[in-house]
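Welcome! Open the structure beside this page and work through the exercises at your own pace. Try each task before you read its solution.

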2 protein chains.
Amino acid sequence: MSRLTAIYRIRSDARTIDERARSLAVEQSVEMPVEAIDDPGVREDIVGRVEHIADLGDGVFEARIALAVATTGAEPGQLLNMLYGNSSIHEDVTLWDAELPDELLRAFPGPNRGLDGLRQRVGAAGRAMTCSALKPQGLPPEKLAAIALRMAEGGIDFIKDDHGLADQAYSPFARRVAAVAAALRRTGRTTCYLPSVTGNLEQMRAQVAQAQEEGVDFVLVTPMIAGLANFQALVRGFPRMGFMTHPAMAGASRIAPPLLLGKLFRLTGSDATVFPNHGGRFGYSPATCKALAEACRRPCAGRRPAAPVPAGGMTADRVDEMLSFYGRDTMLLIGGGLLQAGERLAEAAAAFTRRVAEAGPQ
Amino acid sequence: MSRLTAIYRIRSDARTIDERARSLAVEQSVEMPVEAIDDPGVREDIVGRVEHIADLGDGVFEARIALAVATTGAEPGQLLNMLYGNSSIHEDVTLWDAELPDELLRAFPGPNRGLDGLRQRVGAAGRAMTCSALKPQGLPPEKLAAIALRMAEGGIDFIKDDHGLADQAYSPFARRVAAVAAALRRTGRTTCYLPSVTGNLEQMRAQVAQAQEEGVDFVLVTPMIAGLANFQALVRGFPRMGFMTHPAMAGASRIAPPLLLGKLFRLTGSDATVFPNHGGRFGYSPATCKALAEACRRPCAGRRPAAPVPAGGMTADRVDEMLSFYGRDTMLLIGGGLLQAGERLAEAAAAFTRRVAEAGPQ
């Protein structure tokens, strides 16, 4: 029976790491004493196997554990459960990476539109893309639409809802989408609006359908709140729709961000994955950010690449540095940093987009 | 506009805690520079407010932050997003508790059956309840049914699927449920089987409906994989069904377990919440376990109490100690510890249930 490889980083000492890795392999597979299993097929095919342990120094070890593909049921929620369900409760273990065989990858068709689809959508040939966020929540739809209008005038490619915008009384989803979409249509520009889709799967489907009726063709989802399986079901149910993902509830490094926000979000259908850039309000290191961007873009069983979207307290004066770090296959997101311009929002947006355009091919 | 109170524990120093708490209040509300917000309504009603900061010693502070109820959209996924979405990515912050006003609680009807419903279901008047788990995964339905039969013969009240059992080729959900339910029916006992329901909301609904056709009236769900909003939709959609919850993907203390596995799971519909008991394979402290059990059972806006289900490497020789710690309004779960008995499973189960019965009222 075929196996996937889950890669964990474990804080341990050299004396106990073998035993710790073995107990992790059991926890993430049969979750019971192996000696009490009398079925030879289960012992052979299902019990997790420690394949390799490497001492990374400083009391950290990397363990490669082979888990049976069959246990995942070829379903994203159950895949996460098998990779990290119980072990997420153990302080000493981080889920670092997962190598999935082609047989399992077939269950994960990846992005509907991908990096190229995003670029075509806004006519951003040969350059990085730009993005901003509608905030603050609490504003009525008309005021958010007015902000979107000024961002569009400044040439922003993608305007996403703040991930805090949901289906609230002060800004109901349907009214907000109608108002923002109408404002952007009037500009005649290719600006793409991504409303934030929330709630249970049924509510999310209804919202995507409403958005589609307004001509919207990209939306924002938070997979760790929606549940990975529901996110994937939404993506598959709307094959012409594009999906940007937000990292809320992704936790602090319990699952390595390149795996979760990069590989897994892309496999389940993210076209563009927002993550906290290094040097902003969050603690991701440059190495984490680089690995995350690579997980979005490197060849993966023919799946479309996703756009990495570094964000989280970015400003226009970091554009050159970010482009030289990420390259042009990237979407730069500046939210609060533009909104700070107040009445001069359109000018601030224009300065941002001009800077990206002038940077040209990397 | 009414407010809820989110309570965070922050690692900080005394010099910077005021500023850190303020930035947390902004992150979890408007997520942009407050000085750039020109709408007085948003500044007054929506921006998070630091209400109190307490120095807990050892570089840990507790901050009480008032967030606008309106931002939650009265929806469990968005509530989690507002409580902790972005801040889950910050290493220095734990979401410790949340105080929700009645206005918001109305959106969360809580358990369908509750502690009393569980007790009535299995005729466990005046004593704690017992539970075990069908394992290992990899076994075909018939073998799992044979294990369930022996557990039932030993008098176990509740037999849950291992949370690793999903809808896998070697044990498809429908066949497993039919086999186990049939085996238990033949015993003539009140034993209650809880199959593990997985996948996206649509798949979970189909599975619950299949289970219902087999006469099953309780199921197991993992809300942090399903998504809280989907879990709640499932509970509301099957008002006669009971729901046990599993803590997989609940993470290691990023959200205090009494809040997540106790209060929030109960509010969204958990009748019985499985959690790692202290002194087992996981790191919860006695104080955490006690607080979690209290969050399940204490009066809460008229919601039914849920049963705390301490588990995770428990053995029958801890029964007396656990009952004196938790009291009888508890369900004790021993999984692997019973299965270790192999051929003598029924006897081991009987020894466990006898011990609980003899402990009598606490």
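**Exercise 1. A residue in a loop**

Task: Is A:Asp58 buried or exposed? Then find where A:Asp58 sits and look at its backbone.

Solution, step by step:
- Start by counting neighbours: A:Asp58 has 6 C-beta neighbours inside 10 Å. A residue is exposed if that count is 12 or fewer, so A:Asp58 counts as exposed.
- Next, find its place: A:Asp58 belongs to the loop between strand E2 (49-57) and strand E3 (60-68) of chain A.
- Last, check the backbone: phi of A:Asp58 is positive, about 55 degrees, although this residue is not a glycine.

Keep in mind that you are looking at a predicted model. Chain A has an average pLDDT of 95, and 99% of the residues score at least 70. For the model, ipTM is 0.93 and pTM is 0.95.

**Exercise 2. Another loop, another count**

Task: Is B:Met249 buried or exposed? Do the same for B:Ala256.

Solution, step by step:
- Both residues can be found in one loop: B:Met249 lies between strand E9 (242-245) and helix H11 (257-268) of chain B, and B:Ala256 is in the loop between E9 and H11 of chain B.
- Count for B:Met249: 26 other C-beta atoms lie within 10 Å. The cut-off for buried is 20 or more, so B:Met249 is buried.
- Count for B:Ala256: there are 22 C-beta neighbours inside 10 Å, so B:Ala256 counts as buried.
- Now look at the backbone of B:Met249: its phi is positive, about 65 degrees, and B:Met249 is not a glycine.
- Then list the partners of B:Ala256: leaving out residues up to four places away in sequence, B:Ala256 touches B:Thr94, B:Leu95, B:Trp96 and B:Asp97.
- Finally, place B:Ala256 against B:Ser270: they are 14 residues apart in sequence, and their C-alpha atoms are 17 Å apart in space.

**Exercise 3. Cis peptide bonds**

Task: Which residues of chain A does a cis peptide bond join, and where does A:Pro136 lie?

Solution, step by step:
- Look at omega: the bond joining A:Lys135 and A:Pro136 is cis, with omega about -10 degrees.
- Trace the chain around it: A:Pro136 is in the loop between strand E5 (129-134) and helix H6 (141-153) of chain A.
- Turn to chain B: the peptide bond from B:Lys135 to B:Pro136 is cis, with omega near -10 degrees. B:Pro136 lies in the loop between strand E5 (129-134) and helix H6 (141-153) of chain B.

**Exercise 4. Inside the core**

Task: Which residues touch the most other members of the largest nonpolar core?

Solution, step by step:
- The largest nonpolar core holds 264 residues. Those touching the most other members are A:Ala148, A:Val219, A:Met331, B:Ala148, B:Val219 and B:Met331.
- Pick A:Met331 and list its partners: not counting residues up to four places away in sequence, they include A:Leu118, A:Phe158, A:Ala272 and A:Val309.
- For background, nonpolar side chains tend to be buried together in soluble globular proteins.

**Exercise 5. Two domains**

Task: How many residues of domain 1 of chain A are in contact with domain 2 of chain A?

Solution, step by step:
- Mark the bounds: in chain A, domain 1 is 3-105 and domain 2 is 114-359.
- Place the centres: the C-alpha centres of these domains of chain A lie 33 Å apart.
- Count the contact: 13 residues of domain 1 of chain A meet 11 residues of domain 2 of chain A.
- See who contributes: E4(A) gives the most to the domain 1 side of this contact, with 5 residues.
- Sort that side by class: it has 7 nonpolar, 3 polar and 3 charged residues.

**Exercise 6. How the chains meet**

Task: What rotation superposes chain A on chain B, and how many residues does each chain give to the contact?

Solution, step by step:
- Superpose the copies: a rotation of 180 degrees with 0.0 Å of shift along its axis places chain A on chain B, with RMSD 0.0 Å. The two copies are therefore related as by a two-fold rotation axis.
- Find the axis: A:Gly227 comes closest to it among the residues of chain A, at 2.3 Å (C-alpha).
- Count the contact: chain A gives 69 residues and chain B gives 69 residues.
- See who contributes: H3(A) gives the most to the side of chain A that touches chain B, with 6 residues.
- Sort that side of chain A by class: it has 30 nonpolar, 27 polar and 12 charged residues.
- Compare the surfaces: 100% of the interface residues of chain A are also interface residues in chain B, so the copies meet through the same surface.

Key. Residues are numbered from 1 along each chain as its sequence is written. Chains are lettered from A and ligands numbered from 1 in the order in which they are written. This is a predicted model: local features need pLDDT of at least 70, side-chain atom pairs count only at pLDDT 80 or more; totals for chains, interfaces and linings use all residues. A nonpolar core is a set of buried Ala, Val, Leu, Ile, Met, Phe, Trp, Tyr and Cys residues joined through C-beta atoms within 7 Å. Two residues are in contact if their C-beta atoms, placed from the backbone, lie within 7 Å. Helices (H or I, at least four residues) and strands (E, at least two) are DSSP runs, numbered from the N terminus. Ala, Val, Leu, Ile, Met, Phe, Trp, Tyr, Cys and Pro count as nonpolar, Asp, Glu, Lys and Arg as charged, and the others, Gly among them, as polar. Copies are superposed by least squares on the C-alpha atoms of residues with pLDDT of at least 70 in both. Domain bounds come from an automatic or database domain assignment. pLDDT is the predictor's confidence in each residue, from 0 to 100.
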